[in-house]
Amino acid sequence: MTTLPDRPNTALLVIDVQNGVVDGSHNRDSVIAHINTLADKARAEDVPVIWVQHSDDDLKRGSHSWQYVPELVRADSEPLVHKLYGDSFEDTELETLLAERGVGRLLVTGAQTDACIRSTLHGALTRGYDVTLVADAHTTEDLTAYGAPTPAQVIAHTNLYWKWQSAPGRRGGTVDTADVTFTAVGTD
């Protein structure tokens, strides 16, 4: 359904599952386990897995906090996109990598739900992609001290509103890890 012509393929995005991002995050271990399950399934089905890694003042390139968690291992053939902004498309080569692979549908996983995940979801939809959020494969830290809802509430709310997201010729949606397919809706 994507509005991007000749882009029938799907890719799995793994966003910012870095030590300094997910340390102490809600359901950290189960989210990482789900991402591993999805990456293994994508590899078995020859679906691109694309990794995104954020850098900023708190995540200095090369530091321990900047590194991906040790439980997730990127294959040498899988692209790594370095970013400086919340939206994984903004000032990166992500769009080029997806175009080269004929990707018009994204499955999104990672952290943080209320920052880079949301920014990338919206950025992808406005750029013409169909974008599915894997409901049990994203997480965020506890920002209740700053007036935010609990992490569980942030995740639940994001899953709720993204489930019904759409735009002309594009759709959002959510799916649990166990129900993920890498074919577009209507082509199963």
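How many residues does helix α4 have, and what distance does the helix reach from its first C-alpha to its last? In this predicted model, α4 covers residues 113–126, a run of 14 residues, and reaches 18 Å between those two C-alpha atoms. That value is close to the 20 Å expected at 1.5 Å a residue.

The helix is one part of a mixed architecture. The protein chain contains five helices and eight strands, and the order of these elements from the N terminus is β-α-α-β-β-α-β-α-β-α-β-β-β. The C-alpha trace spans about 45 × 35 × 30 Å along its principal axes. A compact globule of 188 residues would have a radius of gyration near 16 Å, so the 15 Å of the protein chain agrees with such a form. Among contacts with a separation of 6 or more, 78% join residues 24 or more positions apart.

Burial and surface can be considered next. Of the 188 residues, 50% count as buried. The exposed area of the protein chain is about 8,800 Å², and 51% of it is supplied by carbon and sulfur atoms. As for charge, the chain carries 15 positive and 27 negative side chains, with the centres of the two sets 4 Å apart.

Returning to α4, its buried residues are Thr113, Cys116, Ile117, Thr120, Leu121, Gly123, Ala124 and Leu125. In an α-helix there are 3.6 residues a turn, so residues three or four places apart point the same way. After α4 comes Gly128, which has a positive phi, near 110°.

Strand β5, comprising residues 130–139, includes Thr132, and Leu133 also lies in this strand. Leu133 counts as buried because its relative accessibility is 0%, under the 20% cut-off. Beyond residues up to four places away in sequence, Leu133 touches Ile117 and Leu121, along with Val108, His138, Thr158, Asn159, Trp162, Gly173, Thr174 and Val175. Two of these partners, Ile117 and Leu121, are among the buried residues of α4. Leu133 can also be related to the early part of the chain: its C-alpha is 12 Å from that of Ala11, although the two residues are 122 apart in sequence.

Is Thr132 buried or exposed? Its relative accessibility is 10%, so Thr132 counts as buried. With neighbours within four places left aside, Thr132 is in contact with Arg105, Leu106, Leu107 and Val108, and further with Gly173, Thr174 and Val175. Val108, Gly173, Thr174 and Val175 thus appear among the contacts of Thr132 and also among those of Leu133.

Technical notes
Residues are numbered from 1 along each chain as its sequence is written. This is a predicted model: local features need pLDDT of at least 70, side-chain atom pairs count only at pLDDT 80 or more; totals for chains, interfaces and linings use all residues. Side-chain values use heavy atoms; hydrogens and water are left out. Helices (H or I, at least four residues) and strands (E, at least two) are DSSP runs, numbered from the N terminus. The radius of gyration is taken over C-alpha atoms; the globule rule is 2.2 Å times the number of residues to the power 0.38. Buried means under 20% relative accessible area, exposed over 50%, partly exposed in between (1.4 Å probe, protein chains only). Contact means heavy atoms within 4.5 Å. Accessible areas come from the Shrake-Rupley method with a 1.4 Å probe; for residues, only the protein chains shown count as cover. Lys and Arg count as positive and Asp and Glu as negative; His and the chain ends are not counted. The place of a charge is taken as NZ of Lys, CZ of Arg, CG of Asp or CD of Glu. The expected span of a helix is 1.5 Å times one less than its number of residues.
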